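Here's a walk through one chain, from the overall numbers down to single side chains. Keep the viewer open while you read.

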Amino acid sequence: MDRLQWLKRKGRSFYALLILSVFLTISGAVMMARVLHQAAQLVIATQSNHLRGLVASADRMLKLEFDDLYTDLDYVLERRGFAMAESTYLETGDETDLLYRMEESLVGRRENVATVVAIRDGEICLSTNGSTDYVMHGELESRQTVLCTHGDQQMYLAFLVSRGEMTYAALMDIRQCYEDIAHTFEDGSTFLKLLSGDGNFLLHTWVDGISATQTKGLTEADCDLPAVNIMLGAGEESLTASYDLTVGYTGEEHQLMLAMIPAKSSANGFFSVGVSGHFDEAIKAQRTMIVRVVAYGSMIAVGLMLLVMLAVELCRKSRRNEAEVRLLQRKNEEIRQTLEASQELAHHQRLEIIGTMTSSIAHEFNNLLTPIMGYSMMTLGKLPEEDEELCDNVAAIYEASRKAKTIIARLGEMSRKNTDMTFRPVELDAVIVRTLETAHPAQPGKVQVETDLQCPGVKVLGHETNLSQMILNLLLNAYQEMEQGGRLTLRTRRKDACVEMEVQDSGSGMTQEVLQHIFEPFFTTKEGGKGTGLGLAIVQQVVENHQGEITVESILGQGTTFRVRLPVNEEEK
């Protein structure tokens, strides 16, 4: 019985969810339809405003072109030379000077002016191109714009200006004028139309390009006929209209819109200006975009549901994975520490081998230097005293051998295993001097070494070999930073109960990032094979073993300064 009631409740919940889903689906469809309708209206309004702006712009451009031409024509006719040429023509009939001034002053300066004609007693008597076979369609009044045709039916706009007995007309190439205006805004979906004020002449863009035709007898194959008919029947006010049209060259129906300014209301005063454009493609594109947005939104919703399901599953697995990750991290840290210890041990073993070899080599060199020094002393004792140059040469051999033996002795001391770690009073200045002699062979030729040792006789409690190794590492580190030359300065001074040693080089310096790691074992900025990364780590270890402290200052491009402070021996305080 309880199970039956549970099934009934479950069935009611299912039907409630089904009804809710249907309601939401229908509501979404209705809202989508409203959105599509509003989007279409927005596209229509936007297209209408766009076309109105285009038609107003074209009208203003025509007016500026017409006014500019009249200004040039007035300027030419008012010039003194033109008046004299005109007077000569009227008195003698000599047209040479007048034709020259007509063409030179206007035709030569404006590309869209085909010719300039002179009219006398209602007849064309002169033309800059020599042809008088022109027909004016309108009253020949001053400052009047009329349509003009040539014998071959080519059409022009005639801009008339009268001067006493003569009337002059500049004939503008209508096609050229149309091209100058139309190319500024036509983009393949909007088309400019110019209809003469009397409705007999049409300029427009069609299948074959720009057409200049009579409006009588036009068909849909000749032009955008519905738009032309609207322009022919328009009143005096500007208007915007839309209509369905079957475009002849595609065979498809397009929803078009027309914006126009009738000739009587236009600024140019001659043409009715119209611009038509497609907007059905824009509506279709916007509808397609909305449908895609809905489809993509549905995909995103499904994706989010799947992500929620995956997140629930991942939450169950994350707790198990966290424990495994922590265990792996601990093992990884142990492996890393073991690897570092192995590397450090291997490196120390290599250093120990090198030390052993150095001791052997030092012993062999001592065996070679001992007879050199002995025989040079014996030779020096047998040389005659008057041969000073030869005595000096042998003495130089002995001195060089002695210095070499001293250096080898220092290397031998530093390379021997240090089993005795007992600290004794050590004079730091003396250790520095001996270490400088030992490191002299590694000194680059262009590096100058300066010393300022102010603690003679002052002793620190330490291990001389370790201190020598510490100083040698600092010296070699500085030499490597100044391979191209520079200056190395060693200073000692007493500060309170400590002796401070300063090693300053003029090398390339270090960045703050590098400074944070220089005392780490195996850290090096040198190329592979040129550094072990242990030199400064050993320096820090020696300083700590001697209860001292070390600081470093470095400026990139200017150099580095190491300061080591070691406590003075209690007996010296």
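What follows goes from the whole chain to its cores, one helix, the salt bridges and a surface patch.

**The whole chain**

First off, this is a predicted model. The chain folds into eleven helices and 19 strands. Of its 573 residues, 35% are buried. The accessible surface adds up to about 33800 Å², and carbon and sulfur atoms own 54% of that. If you take the contacts with a separation of 6 or more, 61% are between residues 24 or more positions apart.

**Two nonpolar cores**

In soluble globular proteins, nonpolar side chains tend to be buried together. Here, the largest nonpolar core has 46 residues, and the members touching the most others are Leu-157, Leu-192 and Phe-271. The top contributor to this core is helix H1 (residues 2–78), with eleven residues. Another core, of 39 residues, lies apart from it; Leu-467, Met-470, Ile-518 and Ile-538 are among its members.

**Helix H9**

Helix H9 covers residues 464–481. How far apart should the ends of its 18 residues be at 1.5 Å a residue? The expected span is 26 Å, and the end C-alpha atoms are indeed 26 Å apart, so the two agree.

A good part of H9 is tucked away from solvent: its buried residues are Asn-466, Leu-467, Ser-468, Met-470, Ile-471, Leu-472, Asn-473, Leu-474, Leu-475, Asn-477, Ala-478 and Tyr-479.Leu-474 makes a handy example from this helix. Is Leu-474 buried or exposed? Its relative accessibility is 2%, and since buried means under 20%, Leu-474 counts as buried. Leaving out residues up to four places away in sequence, Leu-474 touches Met-501, Val-503, Leu-536, Val-539, Phe-562 and Val-564. Take Val-503 from that list: Leu-474 and Val-503 are 29 residues apart in sequence, yet 7.3 Å apart in space, C-alpha to C-alpha.

**Salt bridges**

Side chains of opposite charge can pair when their charged atoms come close. How many salt bridges does the structure hold? There are 16. Three of them are set out here, with the N to O distance and the relative accessible area of each partner.

| Acidic partner | Basic partner | N to O distance |
|---|---|---|
| Glu-464 (33%) | Arg-434 (25%) | 2.4 Å |
| Glu-502 (6%) | Arg-493 (22%) | 3.9 Å |
| Glu-549 (43%) | Arg-565 (25%) | 3.8 Å |

The pair of Glu-464 and Arg-434 links distant parts of the chain. Glu-464 belongs to helix H9 and Arg-434 to helix H8 (residues 428–439), with their positions 30 residues apart in sequence counted as a separation. Glu-464 is partly exposed at 33%, and Arg-434 is partly exposed too, at 25%.

In the second pair, Glu-502 counts as buried because its relative accessibility is 6%, under the 20% cut-off. Its partner Arg-493 is partly exposed at 22%. Both Glu-502 and Arg-493 also sit in a network of salt bridges, along with Arg-491, Lys-495, Glu-500, Glu-553 and Arg-563.

For the third pair, which parts of the chain does the bridge tie together? Glu-549 lies in strand E18 (residues 549–555) and Arg-565 in strand E19 (residues 559–567), so the bridge joins parts 16 residues apart in sequence. Glu-549 is partly exposed at 43%, as is Arg-565 at 25%.

**Glu-427 and its surroundings**

Glu-427 lies in strand E13 (residues 424–427). Its relative accessible area is 26%, so Glu-427 is partly exposed. Which residues does Glu-427 touch, not counting those up to four places away in sequence? They are Pro-456, Gly-457, Val-458 and Lys-459. Another pairing to look at is Glu-427 with Val-568: the two are 141 residues apart in sequence but 9.8 Å apart in space, C-alpha to C-alpha.

**A nonpolar patch on the surface**

Some nonpolar side chains are on the outside: Ile-300, Leu-304, Leu-307, Leu-310 and Leu-314 form a surface patch with about 520 Å² of accessible area together. Leu-314 lies in helix H6 (residues 280–382). With 54% relative accessibility, Leu-314 counts as exposed, because exposed means over 50%. An α-helix has 3.6 residues a turn, so residues three or four places apart point the same way. That's worth having in mind as you look along the patch.

Conventions:
Residues numbered from 1 in each chain as written. Predicted model: local features only at pLDDT ≥ 70, side-chain atom pairs only at ≥ 80, totals over all residues. Heavy atoms only, no water. Patch = residues over 30% accessible without salt bridge, like charges linked within 9 Å, V, L, I, M, F, W, Y side chains within 5 Å. Areas by Shrake-Rupley, 256 points an atom, 1.4 Å probe, with all protein chains shown as cover. Salt bridge = Lys/Arg side-chain N within 4 Å of Asp/Glu carboxyl O. Helix = DSSP H or I, 4+ residues; strand = E, 2+ residues; numbered from the N terminus. Buried < 20%, exposed > 50% of the residue type's maximum accessible area, 1.4 Å probe, protein only. Expected span 1.5 Å × (residues − 1). Core = buried A, V, L, I, M, F, W, Y, C linked by side-chain atoms within 4.5 Å. Contact = heavy atoms within 4.5 Å.
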